[in-house]
Amino acid sequence: MNFVSYQDGTLCAERVPLVEIAERFGTPSYVYSRAALELAYREFDQACSGRDVLICYSVKANSNLAVLNLLARLGSGFDIVSGGELARVLAAGGSAAKTVFSGVGKSEAEIRRALEAGVLCFNVESEGELARLAAVAQSMGKIAPVSLRINPDVDPKTHPYVATGLRESKFGIAYDAALPLYRKAAKLPELRVIGIDVHIGSQITDVEPFVAALEKVLEFVDALDATGVHLEHLDLGGGLGIRYRDEAPPAVKDYLARLFQRLGKRELRILFEPGRSLVGNTGLLLTRVEYLKHGGAKNFVVTDAAMNDLLRPALYDAWHEVLPVTRRNGPAQRYDIVGPVCESADFLARGRALTVAAGDLLAIMSAGAYGMTMSSNYNSRPRPAEVIVDGKTAHLVRDRENTEDLFASERLLP
Ligand SMILES: *Cc1c(COP(=O)(O)O)cnc(C)c1O
């Protein structure tokens, strides 16, 4: 859902003018739409109706407590990758019993905490982790629910930094090594083997790699069945792409229909771990133009947002649409939109035609996923505020950081 529109020449999020948000909360600020978020969840959920499905929203895409809380209220489960994310889910009113714990480096303390909380499943990524999980469970007198994340060796044809299901990736357990490991896990009394998991990457815009991964999983489930290991669920991960520019990802309902068709009548619970596809297009980054700078070879718009606020352009060379909040008349010029950070990779967009002046506001679109969660304090920059609009009301859901807070925990030598 497109939650922004120009009303009387000025850009609004739902029915709130972004100019007002900038006045009330300052810039840079992340602005999310409640309606767009809820619609994205409902679309996913409705496309699963009639099937035993649990949607486990991938917390790392956007972990603001208010976002997690809205999703929890709609019935969502969660996919976490750290003890910090587990704490967020619980603080936001999410259910541990609907939470799966992914990630290659779970510490003993994180495993302990997740067992105490009673998570639905540990998505185990290595033999070492399986042994650690069994040991921690035994020491607590608990039985850990387990799924192995297998590496299906399929090419998702996405940016190499977000491809996770290739043989050379650090993620998952090699296909051939997984069967013996399942048999081992099934024999350990501290573990209860309940599922299988794949997650092949992110921003995938073609359904075929998902189908290829599912084929491998189903092959595997049959092989396990034959050895007497019967699973309760398949976790098909996340990774569905969104439109940033001109990508044409399958619609959520078509992606799901294709997978359900391939699953046929198998009586297994299905878990999904969508992140970006739920939140990516439900948020924007609102920033103010500090300066226009006309360099020798290029023109620059210098904004108060930078790579520390939105890393995706610097990290992946990602493209985000840039909209002027107030439209101006007059000829456009081509600009690179850059921040104040001292790195040449500090850009939000390049080569954009804009009619713009110092002091104007810009909206960097499609910033709802991997925006705030990837932000940092590089250059001792306090991180942005986060705002959720709901109809004609704007709610501040995270304060802008204070500069003093950035070094409040630091000490001088005596
Ligand atoms: C990041 C991640 C996801 C979510 O990926 P999206 O591309 O945002 O849908 C799901 N599962 C795991 C294990 C992940 O690491």
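Trainee: On a 1 Å grid over the protein atoms alone, a cavity is a set of points where a 1.4 Å probe fits but cannot get out; so how many of 30 Å³ or more does this structure hold?

Mentor: The structure holds two of that size. Bear in mind that this is a predicted model, where local features need pLDDT of at least 70, side-chain atom pairs count only at pLDDT 80 or more, and totals for chains, interfaces and linings use all residues. Residues are numbered from 1 along each chain as its sequence is written, and side-chain values use heavy atoms, without hydrogens or water.

Trainee: What volume has the largest cavity, and which residues line it?

Mentor: The largest cavity has a volume (space filled by probe spheres set on the points, joined across faces, edges and corners) of about 70 Å³. Its lining residues (an atom within 4 Å of a point) are Val198, His199, Ile200, Phe210, Ala213, Leu214, Leu236, Gly238, Tyr255 and Leu259.

Trainee: Which helix gives the most to that lining?

Mentor: Helix H8 (208-226) and helix H9 (252-263) each supply at least two residues, and H8 gives the most, with three. Helices (H or I, at least four residues) and strands (E, at least two) are DSSP runs numbered from the N terminus.

Trainee: Switching over, what lines the second largest cavity?

Mentor: That cavity, with a volume of about 50 Å³, is lined by Tyr32, Ser33, Arg34, Leu37, Asn62, Val67, Leu70, Val279, Thr282 and Ile388. Strand S4 (29-33), helix H2 (34-46) and helix H3 (65-73) are the elements giving two or more residues to this lining.

Trainee: And where does it lie relative to the domains?

Mentor: Domain 1 (4-32 + 280-406) and domain 2 (34-277) both give residues to the lining of the second largest cavity, so it lies between them; the domain bounds come from an automatic or database assignment.

Methods: On a 1 Å grid over the protein atoms alone, a cavity is a set of points where a 1.4 Å probe fits but cannot get out, and a pocket is an open set with protein on both sides within 12 Å along at least five of seven lines; lining residues have an atom within 4 Å of a point.
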